[in-house]
There are 2 protein chains.
Amino acid sequence: MTDDAVETRRTAPATLHDVAREAGVSLATASRSLNGSTRKVNEEYRQRVLAAAAKLDYSPNLSAQAVARGTTTTVALLVADIADPYFSQMAAGVVREADRERLIVTMAATERDTERELDLVRTLRGQRPRVMILAASRREDDPNNDALEAELRAFESNGGRVAFVSSAAGAFRAVQLDNRAGAEALARELIDLGYRRFAAVTGAEGIRTADERLAGFRAGLEAGGGTLERIVRPDFTRDGGYEGMTQLIEEGLDGIELVFAANDVMAVGAMSAIRDAGLTPGTDVAVAGFDDIPTVRDVTPPLTTVRIPLEEVGRRALRLALDEDGAVDDAPVHTEVVLRDSTPRRG
Amino acid sequence: MTDDAVETRRTAPATLHDVAREAGVSLATASRSLNGSTRKVNEEYRQRVLAAAAKLDYSPNLSAQAVARGTTTTVALLVADIADPYFSQMAAGVVREADRERLIVTMAATERDTERELDLVRTLRGQRPRVMILAASRREDDPNNDALEAELRAFESNGGRVAFVSSAAGAFRAVQLDNRAGAEALARELIDLGYRRFAAVTGAEGIRTADERLAGFRAGLEAGGGTLERIVRPDFTRDGGYEGMTQLIEEGLDGIELVFAANDVMAVGAMSAIRDAGLTPGTDVAVAGFDDIPTVRDVTPPLTTVRIPLEEVGRRALRLALDEDGAVDDAPVHTEVVLRDSTPRRG
DNA sequence: CCGTAATGAGATAGCGCTTTCCCGTATGGT
DNA sequence: ACCATACGGGAAAGCGCTATCTCATTACGG
């Protein structure tokens with residue numbers, strides 16, 4: 001492949017210096033004209049600078065600005081898995097809000113590995129982002145938790161801002177997802193629909209989100225006289241849901257009326273497992289999930305779940321982090337049970 | 001909310017200078033110890049520096065490094081919509097590959113607005129990213145296309161690298177998605193299955209991806225004696241698919257056996273529309289899509305589609321961009337027809 | 001033993017910006 | 001007419017780094 005492509009000589013990008021020279025003004029004046037400064041600049045000069053910048057196709061070097069100003073326009077976002085709709089919806093919210101604030105988002109994926117998460121936080125800290133948003137799911141008792149906290153503390157004491165998306169983030173700001181209450185409300189509604197005998201497909205013990213949802217669900221059942229007869233703990237993913245459900249079926253469903261999956265992607269996987277086992281979800285065994293990702297409207301039957309306004313969560317996480325002093329709404333995010341056909345009224 | 005939180009005084013992050021002082025060596029030696037340099041450093045000094053860095057919790061300022069080195073470790077990624085699984089899968093691939101190369105990804109969403117896209121490219125250029133990956137869908141004849149191309153040319157002539165994900169990207173590098181061939185192959189297979197009368201739900205004319213897929217599908221049909229009887233062009237989204245299908249049904253399906261949606265999210269929306277109209281997808285009217293996003297395995301019936309290895313596409317886009325000189329595989333990405341139950345054999 | 005070549009630490013000149021600080025000039029109050 | 005005061009442009013001092021250049025020290029061949 002010979003390089004007979006376009007003969008574009010590699011030229012360095014125009015610097016502010018070039019612009020100033022072209023406009024016949026000083027560096028200072030050029031700088032002041034191109035970014036609002038407190039100082040006024042003669043309109044004629046300003047126009048000259050603007051014209052020169054346009055002519056040279058000048059684009060300010062953000063790194064240089066960051067160094068000079070001592071502050072960046074970056075927000076760093078950490079999620080477990082970008083392709084997971086739970087996280088990608090949230091990320092979309094963060095990006096949208098960041099855009100409004102003219103901030104740039106850098107994104108990284110922990111792949112659910114807390115070691116990696118810690119590394120990423122360290123690396124990302126090098127960017128000196130204004131904000132760091134951690135949406136990757138926390139684990140109880142992880143050996144890296146302390147190190148992570150220390151790292152974030154250091155980041156904060158350097159003027160950075162941290163926001164978690166979670167239910168409890170130690171002493172950091174957090175968008176509270178009321179997993180417990182949501183799951184509890186769901187359980188009550190299911191009891192109302194006539195269900196009594198349940199199983200749960202959830203994540204490994206220690207994943208806080210999973211634990212809380214399970215605890216809430218259990219509490220709701222107990223209050224209403226239902227029983228949680230079985231629990232399986234596969235991966236916290238679609239395939240995990242499929243496997244968990246398959247296991248449940250193989251071991252015999254005997255009498256279980258409804259399976260609660262700790263999140264929607266698992267629920268969707270579980271529904272496929274049910275169907276692949278020759279049963280019909282909703283009819284032979286009901287299914288409920290958590291999150292209300294877009295997909296669940298389109299599976300059959302549509303999935304009963306607990307709605308979290310994920311995009312809004314992303315937006316709020318950023319606002320919360322940016323907020324100067326507690327002026328921002330930090331009530332738990334409103335969750336809502338959405339009953340659909342995967343949990344028909346019984347009897 | 002009073003601030004009786006932790007009494008963390010806001011301190012500036014440790015600089016390399018601090019580390020050098022702490023270690024009792026020069027700035028140069030500290031720099032050389034902390035990042036490989038061509039020069040060797042006395043092991044004892046090196047250890048001292050490392051210890052000092054650890055003690056001060058030093059994290060190199062990436063902006064400063066970028067300014068000093070004249071090069072960054074950033075890759076900028078532009079997608080249409082982060083929450084759309086088509087893009088989020090791709091993004092996951094880019095991020096993963098970037099991680100391998102120890103690069104940081106900044107992400108922005110065009111929201112399918114070419115004006116915004118242009119703006120974003122300009123802003124992102126300020127970052128001086130090593131690579132810019134454009135995955136947002138291109139439109140034919142968009143008034144902004146020339147400006148975008150000029151902007152990207154400028155970026156390239158400054159040493160930046162550009163990669164598109166698309167079928168034709170002018171003179172830029174691109175991961176080729178063979179939309180046409182994929183759709184054509186799909187059409188042939190559907191003909192083989194006994195289908196003859198088709199409708200298409202696709203995006204607005206001018207969206208290149210949509211156009212190509214439609215053209216390919218049409219070609220495949222013609223070769224096999226099928227007819228494309230109707231075309232609707234709603235939004236290129238899930239809801240668009242739903243609306244388009246609803247419209248088709250309201251106008252009367254009369255004889256249409258299969259609906260081809262130009263992408264999977266639309267197909268999934270279409271299936272819901274079919275069901276909401278009281279019909280059964282696959283049975284009353286078959287449906288096929290394009291992309292093979294994860295969801296389509298879990299809808300009922302599972303969707304026939306054309307598989308694109310989206311994550312791989314993301315990874316390849318980055319490698320392609322990074323690649324120094326055409327050493328990288330730039331054959332079109334392998335697409336593959338995946339027949340599932342949404343298109344049962346006829347007759 | 002001396003001269004020369006490696007060796008490697010430190011001083012320093014940038015990188016592309018922002019932001020003080022310094023001044024010359026215009027303004028206005030008395 | 002005179003001095004205090006804005007006003008606003010330009011010079012220059014950084015910001016936190018890297019990389020070049022200097023220069024003392026060590027090693028070694030003849």
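How many bridges join strand S2 of chain A to S2(B), and do the two run parallel or antiparallel? Three bridges link them, and the strands run antiparallel. Before going further, keep in mind that this is a predicted model.

## Where the strands meet

On the chain A side, the strand in question covers residues 104-109. For one spot to click on, try Val105(A), which stands opposite Met107(B) in S2(B).

Just past that strand in chain B there's a backbone oddity. Glu111(B) sits in the loop between S2 and H6 of chain B. Its phi is positive, at about 55 degrees, even though Glu111(B) isn't a glycine.

## The A/B interface

Now for the whole contact. Chain B brings 62 residues to it, and chain A brings 62 residues as well. The size of an interface is often quoted as the accessible area that is lost when the parts come together. For chain B and chain A, the buried area comes to about 5000 Å², with carbon and sulfur atoms giving 50% of it.

On the polar side of things, 10 salt bridges cross the interface of chain B and chain A. One to look up is the pair Arg297(B) and Asp239(A), whose side chains meet with an N to O distance of 3.7 Å. There are also 23 residue pairs in polar contact across this interface, counting pairs with both residues at pLDDT 80 or more.

Which elements of chain B supply at least two residues each to the side that touches chain A? They are helices H4 (62-69), H5 (85-100), H6 (114-125), H7 (145-157), H10 (238-250) and H11 (264-276), plus strand S2 (104-109). H5(B) gives the most, with seven residues. Sorted by class, that side of chain B has 25 nonpolar, 19 polar and 18 charged residues.

## Inside chain A

The domain assignment splits chain A into domain 1 (16-60), domain 2 (72-177 + 313-322) and domain 3 (180-307). If you compare the C-alpha centres of domain 1 and domain 3 of chain A, they lie 62 Å apart.

Over all chains, the salt bridge count reaches 61. Among them is Arg122(A) with Glu151(A), where the closest N and O atoms are 3.0 Å apart. Arg122(A) belongs to helix H6 (residues 114-125) of chain A and Glu151(A) to helix H7 (residues 145-157) of chain A, so the pair ties together parts that are 29 residues apart in sequence.

## Cis prolines

Where does Pro301(A) lie in its chain? Look in the loop between strand S9 (286-288) and strand S10 (305-307) of chain A. The peptide bond leading from Thr300(A) to Pro301(A) is cis, and omega is near -10 degrees.

Chain B has a cis peptide bond too, joining Thr300(B) and Pro301(B), with omega about -10 degrees. Pro301(B) is found in the loop between strand S9 (286-288) and strand S10 (305-307) of chain B.

Terms used
Residues numbered from 1 in each chain as written. Chains lettered and ligands numbered in written order. Predicted model: local features only at pLDDT ≥ 70, side-chain atom pairs only at ≥ 80, totals over all residues. Heavy atoms only, no water. Contact = heavy atoms within 4.5 Å. Buried area = accessible area lost by both parts, 1.4 Å probe. Salt bridge = Lys/Arg side-chain N within 4 Å of Asp/Glu carboxyl O. Polar contact = N/O pair within 3.5 Å; in protein donor to acceptor, adjacent residues only side chain to side chain. Helix = DSSP H or I, 4+ residues; strand = E, 2+ residues; numbered from the N terminus. Nonpolar A, V, L, I, M, F, W, Y, C, P; charged D, E, K, R; others polar. Pairing = 2+ DSSP bridges. Domains from an automatic or database assignment.
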